[in-house]
Amino acid sequence: MRDPYEVLGVQRGASAAAIKSAYRKLAKKHHPDANKNDPKSATRFSEINSANEIIGDEARRKQFDRGEIDAEGKPRFQGFPGGDPRGRGASPGGGFSFRTGGPGAQEFGGGAGFEDILKSMFGGARGGTQTFEESPFGADLDLSVAMSVSLEESVKGGEKRVRLPNGKELNVKIPAGVTPGQQIRLKGQGETAPGHRPGDLLITISIAPHAFFKVDGSDLRVDLPITLYEAVLGAKVRVPTLNGAVELSVPKNTSSGRTFRLKGKGLPKAGGAGDLYFITRIMLPDGNDAKLEALMEKWRDDHPYNPRSDLG
């Protein structure tokens, strides 16, 4: 993956707030739901989320800046502390002490050159080529990738295509009810090496920000815009849920900020589901409206009231 700073378009010294702002702007712009006719939007959106998982997290950002992890969040090779690849066997003088192979294998002390050590590890110790199974290092052949799914996909499940670092692409089945940070393991889909079983593919799930649903535990919240006349006269308005639109009754004389609850229309949880809350926001029409202004002036003169009287 590209440098996460480059993906989000921020400088390395950018503040956490600047990174958060850049991520939100790009996530909104490239969200697959807003780019249904662009087959590449899902890939760009996933890259944006992966970058944010690295530099949007303070601890992981420091690790990346120090070179401890790469742009995919995988640990970088840092050498062998104390000389020994497994933290054991260092000679008293601080040099290396390696054994390879079985009976008759060579041992190199602190005076051995690194080239000789490599020869012993990967060939020549017994006059032949050494297999990976004989290496003292073991092989980590697992692959880790990040996948961003929509809120609807996290609830209902589905199938998405994921691109691996080696360019390979796979269709991945997303189980219903996945949560942020949950991992999906695909056996045998990792890297390969002679003498070893193929590694596994570990997919870490993140849930993309939704255009209007805000997650609050197992509950969902939505800002519901209503007109001035709907607030005064009451109305039935269509509102979204995860299972399709429904009608919500807004009673007469509804103030901005009033909250309505649809029970059981939130996210699944043990023993049921959370609730869906709508918070009304009275929206005036764009531009100036002389008739509305005249009506409000007459209303102000005939029916004055102070909604801020409790504020002192």
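Leaving aside neighbours within four places in sequence, which residues is Ile55 in contact with? Let's start there and work outwards, keeping in mind that this is a predicted model. Ile55 is in contact with Pro4, Tyr5, Leu8, Val10, Ile19 and Arg61.

Several of those names come back when we turn to the nonpolar cores. The largest nonpolar core has 19 residues, and Leu8, Val10, Ile19, Ile48, Ile55 and Phe64 are the ones with the most contacts inside it. As for where its members come from, H1, helix H2 (16-30) and H3 are the elements that each give two or more residues to this core. There is also a second core, separate from that one, made of 18 residues, with Leu151, Val237, Leu262 and Leu267 among them. The general background is familiar: nonpolar side chains in soluble globular proteins tend to be buried together.

Stay with helix H2 for a moment and look at Ala18, which sits in this helix. Is Ala18 buried or partly exposed? With a relative accessible area of 32%, Ala18 is partly exposed. Its C-alpha lies 10.0 Å from that of Leu8, and the two residues are 10 places apart in sequence.

Now move to helix H3, which spans residues 41-55 and contains Ser50. Ser50 has a relative accessible area of 12%, so it counts as buried. Not counting residues up to four places away in sequence, Ser50 touches Met1 and Ala146. Follow the second of those contacts and you land in strand E3 (residues 143-149), where Ala146 has its place. Seen from Ala146, again leaving aside neighbours within four places, the contacts are Ser46, Ser50, Glu53 and Thr204. Thr204 is 58 residues away from Ala146 along the chain, yet their C-alpha atoms are separated by 4.8 Å.

Next, the charged side chains. Opposite charges can pair when the charged atoms come close. How many salt bridges does the count come to? The total is 19. One of these salt bridges joins Arg2 to Glu47, with the closest N and O atoms 3.2 Å apart. This pair links distant parts of the chain, since Arg2 is in the segment before helix H1 (4-8) and Glu47 is in helix H3, 45 residues apart. Arg2 counts as partly exposed because its relative accessibility is 38%.

Another salt bridge brings together the side chains of Arg12 and Asp3, at 2.9 Å from N to O. Both ends are partly exposed: Arg12 has a relative accessibility of 45%, and Asp3 has 25%. Glu169 and Arg163 form a further salt bridge, their closest N and O atoms being 3.0 Å apart. Here the two ends fall into separate classes, as Glu169 is partly exposed at 35%, whereas Arg163 is exposed at 52%. Some salt bridges share partners, and in this way Asp3, Arg12, Arg61 and Asp65 are joined into one network. Arg61 is a name we have already met, as one of the contacts of Ile55.

Finally, take a look at both ends of helix H4 (residues 58-65). At its start, a side-chain oxygen of Asp57 reaches to within 3.2 Å of the backbone nitrogen of Ala59. After H4 comes Gly67, with a positive phi near 80°.

Key. Residues are numbered from 1 along each chain as its sequence is written. This is a predicted model: local features need pLDDT of at least 70, side-chain atom pairs count only at pLDDT 80 or more; totals for chains, interfaces and linings use all residues. Side-chain values use heavy atoms; hydrogens and water are left out. Helices (H or I, at least four residues) and strands (E, at least two) are DSSP runs, numbered from the N terminus. Buried means under 20% relative accessible area, exposed over 50%, partly exposed in between (1.4 Å probe, protein chains only). Contact means heavy atoms within 4.5 Å. A salt bridge is a side-chain nitrogen of Lys or Arg within 4 Å of a carboxyl oxygen of Asp or Glu. A nonpolar core is a set of buried Ala, Val, Leu, Ile, Met, Phe, Trp, Tyr and Cys residues joined through side-chain atoms within 4.5 Å. A polar contact is a pair of N or O atoms within 3.5 Å; within protein, one must be able to donate a hydrogen and the other to accept it, and residues adjacent in sequence count only if both atoms are side-chain atoms.
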